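Please open the model in the viewer and keep the sequence panel visible. The tour below proceeds from a single residue to the whole chain and then to two further sites.

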Amino acid sequence: MNFKSNLEKVLSEAKFAITAEIGPPKGSDPDKIKSKAEMLKGFADAFNITDNQTAVVRLSSFGGSIILLNMGLEPVMQISCRDRNRIALQSDVLGAASIGVRNMLFITGDHQSFGNHPGAKGVFDIDSIQLIKIIKNLRDDGVFQSGDKVLAGKPDIFIGGAANPFADPLDYRVDRLEKKIDAGVDFIQTQSVFNLDGFNIWMDEVKSRGLDKKVHILAGITPLKSLKMTERMKFHVPGVDIPDEIYNRMKKSDDDKKDGFEIALSLINEVKKIKGIHGIHITALFWEDIIPSLVRESDLILRH
């Protein structure tokens with residue numbers, strides 16, 4: 001069977017996949033991405049390059065993906081609806097596919113008011129569900145959103161999306177996942193999992209609808225580096241659910257990094273047991289050097 005990407009191959013062969021996020025720098029220095037990528041070689045199947053995450057200007061996901069390709073690594077290029085209309089979005093997908101990007105993850109994007117240019121105009125011409133449908137039609141049928149035919153090569157890509165199991169109401173979040181599946185998403189990366197009980201409730205609903213059989217789900221894992229980071233995520237990042245038990249452990253900790261690592265390791269080991277989970281997505285938020293140890297100690301390095 002011909003696979004679009006290594007990530008698709010790993011997931012299709014029912015192996016437990018690992019993706020890891022590489023945050024681009026606030027500048028044009030490629031070494032900021034290269035150094036992280038060198039450190040993470042062999043510890044993930046593909047690497048997300050974020051698209052101006054939290055609406056803060058950074059080196060583009062397109063540029064970061066090119067850097068990874070030149071290193072022989074596989075990117076997951078993130079594309080946000082916030083900054084582009086449907087013309088630019090389709091054009092960027094064609095451009096990235098033309099240079100060998102095979103995994104793309106489509107998100108609506110954080111509102112610009114959260115970022116460092118709050119006066120910027122958000123585009124939001126379409127949302128992520130609409131974009132996933134457009135790109136599936138572009139890939140499978142060779143048709144642009146306008147109805148025009150692709151004349152010189154359909155983009156052969158593995159389509160990704162995001163899901164947040166922790167936002168209320170639960171039914172709406174599962175409905176939204178189902179809409180993304182119906183639109184044509186191939187794999188899903190979830191919001192960071194800290195509340196295992198809440199995540200299991202979401203997964204129970206996902207499985208009851210048979211959605212885990214229709215899409216590959218990778219559970220988000222974020223190591224907590226400090227109490228400050230824990231408090232920011234617990235109290236100021238929408239959609240993140242950090243239970244008091246974890247928060248209190250970090251408050252009492254004499255070694256934030258040690259406890260943060262142990263919490264993340266425990267979460268990985270629990271998530272691995274959940275039926276319907278096909279892998280993990282590690283978002284280390286500029287603490288990427290912790291990822292190799294997490295992968296080793298969770299025995300995921302031996303998963304193949």
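Is T283 buried or exposed? In this predicted model, T283 counts as buried because its relative accessible area is 12%, under the 20% cut-off.

**First stop: T283**

Select T283 together with its flanking elements. T283 is placed in the loop that runs between β8 (279-282) and α11 (291-297). Display the side chains next: that of T283 forms a polar contact with the side chain of H281, at 3.4 Å. Then add E21, I221, T222 and P223, which T283 touches when residues up to four places away in sequence are left out.

**Second stop: the whole chain**

Return to a cartoon of the full chain, where eleven helices and eight strands make up the secondary structure. The radius of gyration is 19 Å, close to the 19 Å given by the globule rule for 304 residues, so the chain is as compact as a globular protein of that length. Rotated onto its principal axes, the C-alpha trace spans about 60 × 45 × 40 Å.

Colouring by accessibility is useful at this point: buried residues constitute 51% of the 304 residues. With a surface representation switched on, the accessible surface comes to about 13600 Å², and carbon and sulfur atoms hold 49% of that area. Colouring by charge shows 41 positive and 42 negative side chains, the centres of the two sets lying 2 Å apart. As to contacts with a separation of 6 or more, 77% are between residues 24 or more positions apart.

**Third stop: I126**

Select I126, in the loop between β4 (103-107) and α5 (128-140). I126 counts as buried because its relative accessibility is 6%. Which residues does I126 touch, not counting residues up to four places away in sequence? They are C81, R86, L89, L131 and I134. Draw a C-alpha to C-alpha distance from I126 to N85: these residues are 41 apart in sequence and 7.3 Å apart in space.

**Fourth stop: E262**

Move to helix α10 (residues 256-271) and select E262 within it. At 31% relative accessibility, E262 counts as partly exposed. Its side chain makes a polar contact with the side chain of R249 at 2.6 Å, and the E262 side chain makes another with the side chain of K258 at 2.9 Å. To finish, draw the C-alpha to C-alpha line from E262 to D175, which covers 33 Å in space for 87 residues in sequence.

Terms used
Residues numbered from 1 in each chain as written. Predicted model: local features only at pLDDT ≥ 70, side-chain atom pairs only at ≥ 80, totals over all residues. Heavy atoms only, no water. Helix = DSSP H or I, 4+ residues; strand = E, 2+ residues; numbered from the N terminus. Buried < 20%, exposed > 50% of the residue type's maximum accessible area, 1.4 Å probe, protein only. Polar contact = N/O pair within 3.5 Å; in protein donor to acceptor, adjacent residues only side chain to side chain. Contact = heavy atoms within 4.5 Å. Rg over C-alpha atoms; globule rule 2.2 N^0.38 Å. Areas by Shrake-Rupley, 256 points an atom, 1.4 Å probe, with all protein chains shown as cover. Lys, Arg positive; Asp, Glu negative; His and termini not counted. Charge placed at Lys NZ, Arg CZ, Asp CG, Glu CD.
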